[in-house]
Amino acid sequence: GFEALLRWNHPQRGFVSPAIFIPLAEESGLIGDIGAWALRTACRDAATWPSNITVAVNLSALQLNMRDLVGTVRQALNKARIPASRLELEVTESIFLGDSSIALEILNQLRELGARIALDDFGTGYSSLGYLNKTEFHKLKIDGSFVRAAATDKEMVAIIQAVIALARCFHMIVTAEGVESVEDYERMRDLGCDLIQGYLFGRPVPYDKATEFARAPESTVLKAAA
């Protein structure tokens, strides 16, 4: 599968990091429009790829407090004519800060729609684990900082093992993020991660390059990843 990433090449400022423009979009109230555009575009792109390929889209905590989000997702799927199971929605632990009742309600509605819900950057934000009982996630993503630290830090390996065991108890798939080397890949595989994501397999590319990759024979893809 692919993960949709926003990139802004400004005519005067050049490349502007999402770490800068996403918070500004949230502060200005534009995140709803930008998020809806990202959902529509990701679903439209996925419709041109083989049917076994999924696409993941990140949701802002603010989007999860917008009651029209479920309708936006449904409309994007219907317009692209792809099943909801091909769409994965990624959220971070920040959605549980403060009153999370609306966010949890919307997450449950999105899950009932058929979309998959992933908990992104696990362990880097909200420290309580009690929220795992409040809703059902399909996937837990281990942050890349943990993956890289595991190369030299035995305690970090123990933390990753604990996270994977926790995910198993909740019947969640585990993805290791930020994998850039064969050594990291083998370590995460041996620790029990189900999926691997990172530059080892591919760097961010525009739609046309992603499509070329998606349509390539599997043997070619594996060779490129190696």
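Two strands count as paired if DSSP finds at least two bridges between them. With that in hand, take a look at this predicted model. Its seven strands build an open sheet with parallel pairing, and helices α2, α3 and α4 give us some packing to explore. There are also five aromatic pairs in the structure.

**The sheet, strand by strand**

- Reading across the open sheet, the order is β1-β4-β5-β6-β7-β8-β9.
- The edges belong to β1 (2-3) and β9 (195-196), and each of these strands pairs on one side only.
- Start with β1 and β4: they pair in the parallel sense over two bridges, and E3 has A56 in β4 as its bridge partner.
- Next come β4 and β5, which run parallel and are joined by four bridges.
- Which residue in β5 is the bridge partner of V55? It's L87.
- Strand β6 (residues 116-122) pairs with strand β7 (residues 139-142) over three bridges, again in the parallel sense. Here F122 stands opposite I142 in β7.
- On we go to β7 and strand β8 (residues 173-176), a parallel pair with four bridges. In this pair, K139 stands opposite I173 in β8.
- Finally, β8 and β9 run parallel and are joined by two bridges, with A176 standing opposite I196 in β9.

**A helix on the sheet**

- Helix α2 (residues 31-46) packs on the sheet, where it touches β4 (55-58) and β5 (87-91).
- How does the direction of α2 compare with that of β4? The two directions make an angle of about 175°.

**Helix α2 meets helix α3**

- The axes of α2 and α3 come within 8 Å and cross at roughly 25°.
- Angles under 35 degrees count as roughly parallel, so that is how α2 and α3 lie to each other.
- When α2 passes α3, the crossing is right-handed.
- On the α2 side, the contact uses A36, L39, R40, C43 and R44. They meet L69, T72, V73, A76, L77 and A80 in α3.
- Sorted by class, this contact between α2 and α3 has eight nonpolar, one polar and two charged residues.

**Helix α3 meets helix α4**

- Helix α3 (residues 69-80) also packs with helix α4 (residues 101-113), at an angle of about 20° and with the axes 9 Å apart.
- Why are α3 and α4 called roughly parallel to each other? It's because angles under 35 degrees get that label, and theirs is about 20°.
- The crossing of α3 and α4 is right-handed.
- From α3, the residues L69, V70, V73, R74 and L77 take part, and they meet I106, Q109, L110 and L113 in α4.
- By class, the contact of α3 with α4 comes to seven nonpolar, one polar and one charged residues.

**A stacked ring pair**

- A pair of aromatic rings is described by the distance of the centres and the angle of the planes.
- For W49 and Y207, the ring centres are 6.4 Å apart and the planes sit at 25°, so the pair is stacked. The cut-off behind that word is planes under 30 degrees apart.
- Where do W49 and Y207 lie? W49 is in the loop between α2 and β4, while Y207 is in helix α8 (residues 207-214).
- The pair therefore ties together parts that are 158 residues apart in sequence.

Note on methods: Residues numbered from 1 in each chain as written. Predicted model: local features only at pLDDT ≥ 70, side-chain atom pairs only at ≥ 80, totals over all residues. Heavy atoms only, no water. Contact = heavy atoms within 4.5 Å. Axes fitted to C-alpha atoms, helices over the stretch in contact; angles between N-to-C directions. Left-handed = near helix turned anticlockwise from the far one by under 90°. Nonpolar A, V, L, I, M, F, W, Y, C, P; charged D, E, K, R; others polar. Phe/Tyr/Trp six-rings, centres within 6.5 Å; stacked < 30°, edge-to-face > 60°. Parallel < 35°, antiparallel > 145°, perpendicular 65-115°, else oblique.
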